[in-house]
Amino acid sequence: MTTDIVSDKKIFERRESQVRSYCRSFDTVFTKAQGSTLHDESGASYTDFLSGCSSLNYGHNDPDMKAALIDHITGDGIAHALDMYTGPKAAFLETFERLVLAPRGMDHKIMMTGPTGTNAVEAAIKLARKVTGRTNVISFTNGFHGMTLGALSLTGNAGKRGGAGVPLNGVTHLPYEGSLGDDVDTLSLIETMLENGSSGIDAPAAFILELVQGEGGLNAASRTWVEGIARLARKHGAKLIIDDIQAGLGRAGDFFSFDNMDVKPDMITLAKSLSGFGLPFALTLIRPELDVWKPAEHNGTFRGNTHAFVTAKVALEKFWSDDAFKNDIAEKSAVLTKSLQHIADTIPGARLKGRGMMQGVDVGNGDLAAAICAEAFLRGLVIETSGANDEVVKVLAPLTTPMDQFRQGLGILTEAAQTCVQTKIAAE
Ligand SMILES: Cc1ncc(COP(=O)(O)O)c(C=O)c1O
């Protein structure tokens with residue numbers, strides 16, 4: 001590992017847009033990464049509890065995906081093919097069908113969208129509107145679905161919405177489970193509003209929701225609530241879209257966040273860890289009777305990333321051929337819950353959020369959460385916040401993190417939280 005500091009960080013401040021964000025929390029220049037470890041150019045190493053916001057669920061540079069990609073490139077395999085038929089696309093589709101769709105009895109079609117999550121969301125709501133002939137889409141408080149205009153209109157966060165520059169129309173935001181306090185049954189409230197012809201809510205084309213709200217503070221909906229929303233969608237002729245961009249692909253415990261629930265989404269959006277290797281790749285799963293697109297009606301140059309097809313196939317075969325990975329996630333999730341509960345117990349008013357490997361601690365305010373993450377970074381841990389006021393310290397470790405390193409990272413987080421809480425108490 002080199003100890004020479006080669007980059008002049010001023011180039012970022014001089015030339016990169018103010019819109020940059022994560023780099024402001026992790027002020028170093030990263031050079032290499034393997035598994036759950038990041039290295040910077042000073043030679044320091046960090047345990048990664050951010051995973052590219054859940055885009056690296058299988059860690060950095062998985063050796064099998066890397067080898068397959070290198071083979072593909074050195075063999076002059078296709079790098080870009082628009083949406084033409086290629087061997088890697090056939091292999092990915094066959095593997096996805098065999099390991100993901102068929103075992104679940106899902107007959108969904110696979111729509112290759114533009115490469116990032118928001119593109120998959122745009123495709124889903126556009127199709128729901130086209131199929132139903134309705135405009136209104138119901139999304140939920142604290143939901144986050146992306147930054148392009150359609151997806152942004154579904155997103156709750158005022159700061160993000162503020163950047164739109166045009167009215168964000170065609171969406172009704174309704175309360176997510178628990179968002180009005182533990183005493184309010186939001187499902188029955190929503191049901192009542194939808195049944196009331198004078199509620200002002202136009203007949204919905206779709207409901208779109210995350211089962212664990214990734215950016216919105218790790219609010220995890222219960223099975224009863226999700227099944228209730230699915231029932232309401234059916235009853236009101238609306239399509240059910242599950243946005244599994246962050247919670248899917250193992251993050252919430254299984255391949256889909258709704259596995260083990262009695263819901264059959266009309267559409268599912270996937271992106272982030274889909275390639276397995278951190279490459280841009282998104283898709284929308286569509287129930288076959290909804291696949292009414294005319295050829296090229298929803299087009300795009302980068303739909304289906306051939307390099308991502310190669311790595312995604314390896315990821316599916318390596319991690320989703322049997323239950324071993326899922327069981328490992330369950331074991332790690334239990335360790336995570338215990339450790340975070342310990343942290344929450346030391347902070348007055350703090351509480352645990354989320355489920356699976358998508359958990360965190362709501363520490364009550366954004367300043368404390370930011371201080372804990374900053375302190376953790378000084379100690380060699382990369383971790384971020386989430387929530388309406390960034391009040392949740394959120395653990396998004398690679399699902400493949402070796403147990404020793406996982407416990408070590410949680411140890412750093414615990415120390416960081418203790419230090420910040422003591423500093424806060426001393427200052428009061
Ligand atoms: C649930 C969810 N949907 C959509 C998106 C948007 O994905 P992308 O940033 O790849 O456009 C995100 C990103 O964080 C997300 O968490």
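# A tour from hairpin to ligand

In the hairpin of β11 and β12, select Gly356: this residue takes a positive phi near 60 degrees, and two residues lie between the strands. Keep in mind throughout that this is a predicted model.

Now extend the selection to the strands themselves. β11 covers residues 351-355 and β12 covers residues 358-362. The two run antiparallel and are joined by five bridges. To see how residues face each other across the hairpin, pick Arg355, which stands opposite Met358 in β12.

**Asp266 and Leu240**

Next, go to Asp266, in the loop between β8 (239-243) and β9 (267-270). Is Asp266 buried or exposed? Asp266 counts as buried because its relative accessibility is 7%, and the cut-off for buried is under 20%. Show its side chain together with the backbone of Leu240: a polar atom of the Asp266 side chain lies 2.7 Å from the backbone nitrogen of Leu240.

**The ligand**

Select the ligand and display the residues around it. Which residues surround the ligand? Along the chain they are Thr116, Gly117 and Thr118, then Phe144, His145 and Gly146, then Glu210, and finally Asp243, Ile245, Gln246 and Lys272. Coloured by class, this shell shows six polar, three charged and two nonpolar residues.

Three side chains are worth labelling with distances. For Thr116, draw the line from an N or O atom of the side chain to an oxygen atom of the ligand, which gives 2.5 Å. For Asp243, a polar side-chain atom is 2.6 Å from a nitrogen atom of the ligand. For Lys272, the line runs from a polar side-chain atom to a ligand oxygen and reads 3.0 Å. A surface view adds the extent of cover: on its own the ligand has 390 Å² of accessible area, and the protein covers 85% of that.

**The cysteines**

Finish with the cysteines. How many disulfides does a search of the whole structure find? The number is zero. Select Cys53 and Cys373 to see one reason. The closest cysteine sulfur to that of Cys53 is in Cys373, and it is 12 Å away, so the pair is too far apart for a bond; a disulfide would need the sulfur atoms within 2.5 Å. Then select Cys420. Its closest cysteine sulfur is also in Cys373, at 8.9 Å, which is again too far for a bond. Cys53 is buried, with a relative accessible area of 9%, and Cys420 is buried, also with 9%.

Notes: Residues numbered from 1 in each chain as written. Predicted model: local features only at pLDDT ≥ 70, side-chain atom pairs only at ≥ 80, totals over all residues. Heavy atoms only, no water. Near = heavy atom within 4 Å. Polar contact = N/O pair within 3.5 Å; in protein donor to acceptor, adjacent residues only side chain to side chain. Areas by Shrake-Rupley, 256 points an atom, 1.4 Å probe, with all protein chains shown as cover. Nonpolar A, V, L, I, M, F, W, Y, C, P; charged D, E, K, R; others polar. Buried < 20%, exposed > 50% of the residue type's maximum accessible area, 1.4 Å probe, protein only. Pairing = 2+ DSSP bridges. Helix = DSSP H or I, 4+ residues; strand = E, 2+ residues; numbered from the N terminus.
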